[in-house]
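Colleague: Could you give me a close look at one pocket of this model, starting with what sort of residues line it? After that, carry on to whatever else helps me place it in the chain.

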Amino acid sequence: MARISNIPSSLPLLLATAFALAGVTAGARTGGIAIYWGQNGNEGTLAQTCATGNYKFVNVAFLPTFGKGQTPVLNLAGHCDPASNGCTGVGADIIACQRMGIKVLLSIGGGVGSYGLSSRDDARTVAAYLWNNYLGGRSKSRPLGDAVLDGIDFDIESGGSMYWDDLARFLKSYSRHGRKVYLAAAPQCPFPDASLGTALGTGLFDYVWVQFYNNPPCQYSASAGVGGLASAWAQWTPIRAGRVFLGLPAAPQAAGSGFVPASDLVAQVLPVVKNSTKYGGIMLWSRYYDGLTGYSDAVKSQV
């Protein structure tokens with residue numbers, strides 16, 4: 001190939017700079033996928049979930065009983081029985097996921113459970129329990145073994161709105177022990193969230209995956225379009241949080257309403273939500289349904 005001799009010597013540097021800047025801009029709009037795992041024994045193991053390479057975050061669901069003097073109870077549905085110390089083996093899977101660069105969090109609450117906080121001291125007690133049994137503390141009865149989870153996800157759908165901000169503060173305070181405690185939350189898309197509004201106002205949450213489903217006024221539908229979702233998204237993105245994610249069901253049967261076909265997500269919804277510098281990606285409920293539909297496989301390159 002003949003050499004083109006009239007190219008200015010500075011052009012390669014200018015091009016390299018331009019490409020680097022373009023990469024930074026593109027990177028700001030590139031997100032990851034968060035998934036919930038633990039509520040269906042047919043969804044495969046946690047290690048298998050992470051081995052798909054589709055997810056950057058996995059929420060182990062759920063701790064549905066805690067607070068108000070109750071003994072905390074873990075529920076991983078058909079995967080294992082924590083009552084007989086049968087879930088400690090999940091710890092090895094957590095470590096395997098973390099070695100792949102995936103953050104693994106324990107999700108507390110959920111749609112069905114017995115949980116809540118009765119006071120600031122109750123929040124302190126729950127935080128200490130979570131630290132000692134799932135995070136970097138010590139306990140003789142760690143339900144998931146010796147693995148140290150990366151943080152706690154607040155999926156608070158009942159149990160009142162009081163003292164969740166205190167729980168967030170107490171949990172974050174454990175970061176001073178040398179390993180950061182990440183906090184995530186899964187509020188409903190109507191803004192502000194009835195349960196977590198005050199807690200999210202603390203600015204302590206690293207990831208907020210807003211549930212844009214089971215709430216028709218602020219979810220996408222083929223007939224109504226993206227307008228309601230766009231309006232709600234515009235309310236959520238200014239909050240004091242690290243990154244905001246678009247929460248979606250991974251299959252039509254995964255929620256009462258709000259499923260977005262993969263083609264519509266890519267063509268209609270993502271161009272809207274990616275305009276925010278707070279955009280972190282999408283959250284899917286759940287690994288079981290994602291396995292049925294292959295939703296994350298279909299959209300991951302566009303997220």
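## The second pocket and its surroundings

Modeller: Sure. The lining of the second largest pocket has 8 nonpolar residues and 4 polar ones, with no charged residue among them. Keep in mind as we go that this is a predicted model. The space in that pocket comes to about 180 Å³. To find the lining in your viewer, begin with T71, P72, V73 and L74, then pick up P82, A83 and N85. The rest of the lining is Y129, N133, Y134, S141 and P143. Y129 and N133 also fall within the range of helix α4, residues 120-134.

It helps to set this beside the largest pocket. That one has a volume of about 280 Å³, and 17 residues line it. If you want to centre your view there, go for F62, G111, V112, D155 and W285, which lie nearest the middle of the largest pocket. Its lining splits into 10 nonpolar, 5 polar and 2 charged residues. So what does the second largest pocket lack in its lining? Charged residues: it has none, whereas the largest pocket has 2.

Now the cysteines. The chain has 3 disulfides, and with the bonded cysteines counted along the chain they follow the pattern 1-4, 2-3, 5-6.

Take C80 and C87 to begin with. Their sulfurs sit 2.0 Å apart in a disulfide, and the 105° torsion about the S-S bond makes that link right-handed. C80 has 15% relative accessibility, which is under the 20% cut-off, so C80 counts as buried. C87 counts as buried too, at 0%.

The C50 to C97 disulfide has an S to S distance of 2.1 Å. Its torsion is about 100°, so this disulfide is right-handed. This pair bridges distant parts of the chain: C50 belongs to helix α2 (residues 46-51) and C97 to helix α3 (residues 90-99), with the two positions 47 residues apart. Both ends are out of the way of solvent by the same cut-off, since C50 is at 2% and C97 at 0%.

The last disulfide runs from C189 to C218, with S to S at 2.0 Å. The torsion here is about 75°, so this one is right-handed as well. It also links distant parts of the chain, but from loop to loop: C189 is in the loop between β7 (182-185) and α6 (197-200), while C218 is in the loop between β8 (207-211) and α7 (227-236), 29 residues apart. Both C189 and C218 are buried.

On to the charged side chains. As a general point, oppositely charged side chains can pair when their charged atoms come close. There are 8 salt bridges by the count used here, and I'd look at these.

R179 pairs with D150, with the closest N and O atoms 3.5 Å apart. R179 is in the loop between α5 (164-173) and β7, and D150 is in the loop between α4 (120-134) and β6 (151-156), so the bridge ties together parts that are 29 residues apart in sequence. The two ends differ in exposure: R179 is partly exposed, at 40%, while D150 is buried, at 11%.

Within helix α5, D165 and R169 make another salt bridge, at 3.2 Å between the closest N and O atoms. Why do they face each other across about one helical turn? Because they are 4 residues apart in helix α5. Here it is the acid that is buried, with D165 at 14%, and R169 that is partly exposed, at 40%.

R287 and D290 form a salt bridge too, the closest N and O atoms being 3.8 Å apart. Both sit in helix α9 (residues 287-293), 3 residues apart, or about one turn, and both are buried. Elsewhere, shared partners join R120, D165, D166 and R169 into one salt-bridge network.

Last, a word on annotation. An unreviewed UniProt entry lists residues 31-303 as "domain: GH18". In the model that span is 29% helix and 20% strand, and its end C-alpha atoms lie 5 Å apart.

Methods: Residues are numbered from 1 along each chain as its sequence is written. This is a predicted model: local features need pLDDT of at least 70, side-chain atom pairs count only at pLDDT 80 or more; totals for chains, interfaces and linings use all residues. Side-chain values use heavy atoms; hydrogens and water are left out. On a 1 Å grid over the protein atoms alone, a cavity is a set of points where a 1.4 Å probe fits but cannot get out, and a pocket is an open set with protein on both sides within 12 Å along at least five of seven lines; lining residues have an atom within 4 Å of a point. Grid points are joined across faces, edges and corners, and a volume is the space filled by probe spheres set on the points. Ala, Val, Leu, Ile, Met, Phe, Trp, Tyr, Cys and Pro count as nonpolar, Asp, Glu, Lys and Arg as charged, and the others, Gly among them, as polar. A disulfide is a pair of cysteine sulfur atoms within 2.5 Å. Buried means under 20% relative accessible area, exposed over 50%, partly exposed in between (1.4 Å probe, protein chains only). UniProt positions are given in the numbering used here, feature names are shortened, and annotations may be inferred rather than shown by experiment. A salt bridge is a side-chain nitrogen of Lys or Arg within 4 Å of a carboxyl oxygen of Asp or Glu.
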